[in-house]
Structure formats: C-alpha cells, structure tokens
Amino acid sequence: MEYNRRISRRLHEEHQTTLVLWGRLEASLAAGRLDASLLKSAADALGGEIGRHFAFEEQSLFPRLVAGGEADLAELLSEEHAAIRDAAARFIAIALEDPPNARVRPIALELAERLVAHVQKEEMALLPVLDDLLDEDTDLELQLAYAA
C-alpha cells in the first residue's frame with residue numbers, strides 16, 4: 001500500500017524492517033536453530049521498536065486518533081503495546097545468554113506472532129487513518145519530531 005503522509009511512510013518502513021527481522025528469526029527457530037547473532041539483533045531491535053516507536057505512537061499519534069473519533073483503535077493498539085512490552089522483556093531476559101538457551105524459542109515465537117499481528121493492524125488501520133486525519137503541516141511537524 002502507498003501512503004500519502006510522510007509519517008505514515010516512515011512508520012511503514014520501520015514496520016517492514018521489523019517484519020523482515022522477525023520473519024528471519026521465526027524461520028530460524030522453526031528450523032531448530034538458535035542463532036545467537038540473530039537473537040541479539042532481535043533483542044537490540046526491540047529497543048527501538050518498543051522504546052522510540054511505541055512511545056511516539058502513544059504520545060503523538062494515539063491522542064490524535066482519539067480526537068479524530070478513533071478511540072477504539074487507539075485503545076486496541078495501546079493494549080497490544082503493553083502485551084508486546086511484556087513479551088519483549090521476557091525475550092530480552094534470556095535471548096542474550098551465551099550460549100543461547102532453548103527456553104528462548106517459545107518466547108521468541110510468541111513475540112514474533114504478536115509483533116507481526118500488531119504491524120499488520122497498524123498497516124491496515126493506523127496508517128490509512130493517519131493519512132486521512134493529518135494535514136500537511138501536522139504531518140511535517142510529526143515527521144520532524146520523530147526524526148529528532
């Protein structure tokens with residue numbers, strides 16, 4: 001899908017990066033491999049995903065959703081953020097062990113499932129709504145704030 005707003009396109013790019021990384025990890029785990037480097041990459045990427053990305057959405061985008069009549073969507077995505085944060089904390093706690101511990105597999109698969117489903121919801125619902133809700137000036141303001 002093509003998005004009209006800069007911020008939508010930027011978030012879309014990050015979503016694609018997330019899908020690729022977690023798809024690789026999921027495939028590796030499904031093949032029975034515990035790739036320490038891939039586990040570390042996934043754990044490191046979570047910092048940006050659940051830190052910067054989620055915080056921006058919660059502080060800058062979800063209030064705009066609520067004001068635009070999309071409170072249910074904002075609430076659903078906020079709840080998913082909380083569940084993903086919980087799964088991410090459990091994942092990070094064991095993903096960086098050397099050598100990798102087999103206990104990471106079910107947690108990583110759960111997290112991959114949650115992240116992929118969440119990204120799909122944002123791609124199908126959040127980003128199109130933002131394209132409709134935001135004007136050019138607000139879009140530019142959000143893009144600059146996110147880049148800072």
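Buried here means under 20% relative accessible area, exposed means over 50%, and partly exposed is whatever falls in between. The model in all these views is a predicted one.

**View 1. Arg52 and Glu14 pair up between α2 and α1.** Glu14 comes out at 12% relative accessibility, so it counts as buried. Its partner, Arg52, has a relative accessibility of 38% and therefore counts as partly exposed. The two form a salt bridge, with 3.2 Å between the closest N and O atoms. The pair ties together distant parts of the chain, as Arg52 sits in helix α2 and Glu14 in helix α1, 38 residues apart. As a general point, side chains of opposite charge can pair when their charged atoms come close.

**View 2. Arg5 and Glu136 bring in the segment before α1.** The closest N and O atoms of this salt bridge are 2.7 Å apart. Here, too, distant parts of the chain are linked: Glu136 belongs to helix α5 (residues 136–147), while Arg5 lies in the segment before α1, and 131 residues separate them. Arg5 has 14% relative accessibility, so it counts as buried, whereas Glu136, at 42%, counts as partly exposed. Pan out a little and you get a network of salt bridges made up of Arg5, Arg6, Glu136 and Asp139. For the whole model, the salt-bridge count comes to 14.

**View 3. Glu110 and Arg114 meet within α4.** Their side chains form a salt bridge with an N-to-O distance of 3.0 Å. Why are they about one helical turn apart? Because they are four residues apart in helix α4. Glu110 is partly exposed at 24% relative accessibility, and Arg114 is partly exposed as well, at 36%.

**View 4. Helix α2, from its cap to the glycine that follows.** Start at the N-terminal end, where Asp35 does the capping: one of its side-chain oxygens lies 3.0 Å from the backbone nitrogen of Ser37. Further along α2, there is a kink of about 40 degrees at Leu61, shortly before the proline Pro63. Past the helix comes Gly69, with a positive phi near 85 degrees. In general, most residues other than glycine have a negative phi. How does the end-to-end C-alpha distance of α2 agree with its expected span? The helix has 32 residues (36–67), and at 1.5 Å a residue, counting one less than the number of residues, it should span 46 Å; its end C-alpha atoms are 44 Å apart, which agrees.

**View 5. His81, tucked away in α3.** This histidine is part of helix α3. Its relative accessible area is 0%, so it counts as buried. The His81 side chain makes a polar contact of 2.7 Å with the side chain of Glu58. Leaving out residues up to four places away in sequence, His81 touches Phe54, Glu57, Glu58, Phe62, His118 and Glu122.

**View 6. The nonpolar cores.** The largest core has 23 residues, and those with the most contacts inside it are Trp22, Leu25, Leu46, Phe91 and Leu111. Elements giving two or more residues to this core are α1 (6–30), α2, α3 and α4. Which element gives the most? That would be α2, with seven residues. There is also a second, separate core of 17 residues, which includes Ile7, Phe62, Ala74 and Leu77. For a closer look at the largest core, take Leu25: ignoring neighbours within four places in sequence, it contacts Leu38, Leu39, Ala42, Phe91 and Ala108.

**View 7. Leu133 in α4.** Leu133 belongs to helix α4. Is it buried or partly exposed? At 35% relative accessibility, Leu133 counts as partly exposed. Setting aside residues up to four places away in sequence, Leu133 touches Arg64, Leu65 and Gly68. Ala36 is another matter: its C-alpha atom is 42 Å from that of Leu133, and the two residues are 97 apart along the chain.

**View 8. A cis peptide bond leading into Pro99.** The bond from Asp98 to Pro99 is cis, with an omega near 0 degrees. Most peptide bonds, in general, are trans. Pro99 itself lies in the loop between α3 (71–95) and α4 (104–133).

Note on methods:
Residues are numbered from 1 along each chain as its sequence is written. This is a predicted model: local features need pLDDT of at least 70, side-chain atom pairs count only at pLDDT 80 or more; totals for chains, interfaces and linings use all residues. Side-chain values use heavy atoms; hydrogens and water are left out. Buried means under 20% relative accessible area, exposed over 50%, partly exposed in between (1.4 Å probe, protein chains only). Contact means heavy atoms within 4.5 Å. The bend at a residue is the angle between axes fitted to the seven residues ending there and the seven starting there. A polar contact is a pair of N or O atoms within 3.5 Å; within protein, one must be able to donate a hydrogen and the other to accept it, and residues adjacent in sequence count only if both atoms are side-chain atoms. A nonpolar core is a set of buried Ala, Val, Leu, Ile, Met, Phe, Trp, Tyr and Cys residues joined through side-chain atoms within 4.5 Å. A salt bridge is a side-chain nitrogen of Lys or Arg within 4 Å of a carboxyl oxygen of Asp or Glu.
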